[in-house]
Amino acid sequence: MPQFRASLPDLKPGISEIFAHPVADGAELRAYDPNNANTRAGDYETVTDAGLAQMLRDHAIRCISFRPLRSRMRDTAPEG
């Protein structure tokens, strides 16, 4: 996910969604998802890299789950 790291400094204020499907590489991954195993293993390496955490801090990026966004959307949804 080199493009992921490259995009972080250019994020605008507000909410950005970035998703990944991280899985530790191994025989199980290769058996159940042979078509996307390299992508999933790469996602795992990216999101578990200690340097990523520092990069997020350096750019004042705060990670959240979807739950607060869902709550906010429900609070502002039109009646009906």
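Visitor: What volume does the largest pocket have?
Guide: Happy to start there, with the reminder that this is a predicted model. The lining of that pocket is made up of 27 residues. As for the space itself, the largest pocket has a volume of about 790 Å³.

Visitor: Which residues lie nearest the centre of the largest pocket?
Guide: The lining counts 27 residues in total, and five of them are singled out by their place nearest the centre. Those five are Ser16, Ile61, Arg62, Cys63 and Ile64.

Visitor: Which helix gives the most to the lining of the largest pocket?
Guide: Two helices, α4 and α5 (66-76), each supply at least two residues of the lining. With three residues, the one that gives the most is α4.

Visitor: How many residues of the pocket lining are nonpolar, by class?
Guide: Let's split the lining by class. Four of its residues are polar and four are charged. The nonpolar class holds 19.

Visitor: Which residues of helix α4 are buried, and where on the helix do they lie?
Guide: Helix α4 spans residues 50-58, and its buried residues are Leu52, Met55 and Leu56. In general, an α-helix has 3.6 residues a turn, so residues three or four places apart point the same way. Looking down the axis of α4, the buried residues fall within an arc of 100°, so they line one face of the helix.

Visitor: Which residues are exposed on the other side of α4?
Guide: The buried residues of α4 include Leu52 and Met55. Turn to the other side of the helix and you find exposed residues: Ala50, Arg57 and Asp58.

Visitor: How far apart in space are Leu52 and Arg5, C-alpha to C-alpha?
Guide: Leu52 sits in helix α4. Its relative accessible area is 6%, under the 20% cut-off, so Leu52 counts as buried. In sequence, Leu52 and Arg5 are 47 residues apart, while their C-alpha to C-alpha separation in space is 7.7 Å.

Visitor: Which residue with a positive phi follows α4?
Guide: As background, most residues other than glycine have a negative phi. The residue in question is not a glycine, yet its phi is about 55°. It is found in the loop between α4 and α5, and its name is Ala60.

Visitor: Is Ala60 buried or exposed?
Guide: Ala60 belongs to the loop between α4 and α5. Its relative accessibility is 71%, and the cut-off for the exposed class is over 50%. Ala60 therefore counts as exposed.

Visitor: What is the count of buried residues in α5?
Guide: At the start of α5, a side-chain oxygen of Ser65 comes to within 3.3 Å of the backbone nitrogen of Arg67. The helix has eleven residues and is hardly covered. Its count of buried residues is zero.

Visitor: With which side chain does the side chain of Asp33 make a polar contact?
Guide: Asp33 lies in the loop between α2 (27-32) and α3 (37-47), and with a relative accessible area of 9% it is buried. The partner is found in helix α3 and counts as partly exposed, at 22% relative accessibility. The contact spans 2.4 Å, and the partner is Arg40.

Visitor: Is Pro34 buried or exposed?
Guide: Pro34 is found in the loop between α2 and α3. Its C-alpha is 26 Å from that of Glu17, a residue 17 places away in sequence. With a relative accessibility of 58%, Pro34 counts as exposed.

Visitor: What separation do the C-alpha atoms of Ala37 and Gly26 have?
Guide: Ala37 is part of helix α3, and it is buried, with a relative accessible area of 0%. Along the chain, Ala37 and Gly26 are eleven residues apart. Their C-alpha atoms are separated by 9.0 Å.

Visitor: What radius of gyration does the protein have?
Guide: The protein has five helices and zero strands, and of its 80 residues 15% count as buried. Its C-alpha atoms fill a box of roughly 50 × 35 × 15 Å along the principal axes. A compact globule of 80 residues would come out near 12 Å, but the protein has 16 Å.

Definitions and conventions. Residues are numbered from 1 along each chain as its sequence is written. This is a predicted model: local features need pLDDT of at least 70, side-chain atom pairs count only at pLDDT 80 or more; totals for chains, interfaces and linings use all residues. Side-chain values use heavy atoms; hydrogens and water are left out. Buried means under 20% relative accessible area, exposed over 50%, partly exposed in between (1.4 Å probe, protein chains only). Helices (H or I, at least four residues) and strands (E, at least two) are DSSP runs, numbered from the N terminus. The arc is that of the directions from the helix axis to the C-beta atoms. On a 1 Å grid over the protein atoms alone, a cavity is a set of points where a 1.4 Å probe fits but cannot get out, and a pocket is an open set with protein on both sides within 12 Å along at least five of seven lines; lining residues have an atom within 4 Å of a point. Grid points are joined across faces, edges and corners, and a volume is the space filled by probe spheres set on the points. Ala, Val, Leu, Ile, Met, Phe, Trp, Tyr, Cys and Pro count as nonpolar, Asp, Glu, Lys and Arg as charged, and the others, Gly among them, as polar. A polar contact is a pair of N or O atoms within 3.5 Å; within protein, one must be able to donate a hydrogen and the other to accept it, and residues adjacent in sequence count only if both atoms are side-chain atoms. The radius of gyration is taken over C-alpha atoms; the globule rule is 2.2 Å times the number of residues to the power 0.38.
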